[in-house]
Amino acid sequence: MKNQAIRWGLLLAVLLAFTGGTSARADAARRRNEVVEVVQKVSPAVVFIGTEQEAESPFRGRRSMMEEFFGAPPQAQRQQGLGSGVIVDPNGTIVTNDHVIRGASAIHVVLADGRELEAEVIGSDANNDLAVLKVSSKQPLPAAKLGTSSDLMIGETVVAIGSPFGLSKTVTSGVVSATGRTFKADGRTYNDFIQTDAAINPGNSGGPLLNVDGDVIGINTAIFASAQGIGFAIPADKVRRIMDELTRFGKVRPAWVGIEAQDLSPRLARQLGWDRTYGAVVSDVEPGSPAEQAGIRRGDVLAEMGGSRVSDAEDYVTRARGYPARAAFPLVVFREGGQRTLQVTPVEFPPQLIEALAWNRLGLRVKPVRGGMSVQSVRPGSAADEVGLEPGDLIARVNNQPVAEPASFQEALLSARGSRSVLLLVRRGRYGYHVTLPF
């Protein structure tokens, strides 16, 4: 009798354990929502990025004991930065923000499994705030799928994964609050962003914004410091274009559209019959340009670009830089009371036009010499002539970029296209001074 009671007790214990385990599993299955599935699917591909940067000592001017006795050079201090990234190819290709790795002397990538690897910069672009890194591994790495952002819906669920304040593998979720968002911060214009209320904090930069299928639909990049629930991500379609350029060429090749745009004043808008508060007007179309070939005319109102509204002329110029050569985009223009959609395909800026760009806009012809570009001639009545530039002056920097050879001078001028002015560092004899010329 006693043995039988023991057997029944053991059987009851087994049944309780089985039903309890089944209940726990059923409860876990019930709580397993789409966000949990996305995190489990993609988090192995999200990485922590740490950087080191050489910095001057704050005690510059003081000599250390080593310097006093042995003449040893001062030791540079190391500043550390942090951010996030996402592996988009099993071969170790990582996408992150340019500002995460800018100026870094060393880049360390920590994988989800705890391994730390040194990263190589394949290419980076400050204008689009994107960078492509590469790490080496003997085995294929977990990778996320780079999706599309053209079909995003306002209100759909999104998930952000990153390392805010160094807290790795942090997950937040929210919705798409807006698309095609443009805003200004720190003296720069940021455009064509996904806005989300998923929490994005310092350290999230470079991490992925995901849809419920686990596809990367954006790269988290910016927040309003004084706001809550407002974060921004670079849309995946733009990421793909820039990533392809950086992977193939190491930089974004300057592209040429051939449109000169200006802001719409209320009076000009009325004359053109445009009754909206956004847009820019085409003031000139360069002969033989992609814009001319697409059928764009002087006086057209640029209403939409790549599926979202054009706010003003600066917005158009900034967004045009996000389209590398051969990357076509739709441009909606308003003309004679109606709107029409034109397909524009930028091409690489023709080298023969760069010299004309410097002559027509600045009034300068230059040639390379040691230390920069030497002014050969100044066009009378030009902007350069009005500020007093003379043949023999040396241009050492353009918009704070060193111009030691023709290629860097040309690249600096191409980057300045669409800007209202250009800053030159000019050296004359032993003296150097900055001048600002309208551009």
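**Close-up 1. Asp98, a buried acid in a salt bridge with Arg102.** In this predicted model, Asp98 has a relative accessible area of just 3%, so it counts as buried. Its partner is Arg102, and the two side chains meet in a salt bridge at 2.5 Å, N to O. Arg102 is partly exposed, at 44% relative accessible area. So here we have a buried acid paired with a partly exposed base.

**Close-up 2. Arg248 and Asp244, a salt bridge within helix α5.** The side chains of Arg248 and Asp244 meet at 3.3 Å, N to O. Both sit in helix α5, which covers residues 236-249, and they are four residues apart, so about one helical turn separates them. Arg248 is exposed, with a relative accessible area of 54%, while Asp244 is partly exposed at 37%.

**Close-up 3. Asp393 and Arg428, a salt bridge between a loop and a strand.** Here the side chains of Asp393 and Arg428 meet at 2.7 Å, N to O. Asp393 lies in the loop between α10 (383-386) and β24 (394-398), and Arg428 belongs to strand β26 (residues 421-428), so this pair ties together parts that are 35 residues apart in sequence. Asp393 is buried, with 2% relative accessible area, whereas Arg428 is partly exposed at 32%.

**Close-up 4. The salt bridges as a set.** How many salt bridges does the model hold? The count comes to 12. Among them are Arg102 with Asp98, Arg248 with Asp244, and Asp393 with Arg428.

Methods. Residues numbered from 1 in each chain as written. Predicted model: local features only at pLDDT ≥ 70, side-chain atom pairs only at ≥ 80, totals over all residues. Heavy atoms only, no water. Salt bridge = Lys/Arg side-chain N within 4 Å of Asp/Glu carboxyl O. Buried < 20%, exposed > 50% of the residue type's maximum accessible area, 1.4 Å probe, protein only. Helix = DSSP H or I, 4+ residues; strand = E, 2+ residues; numbered from the N terminus.
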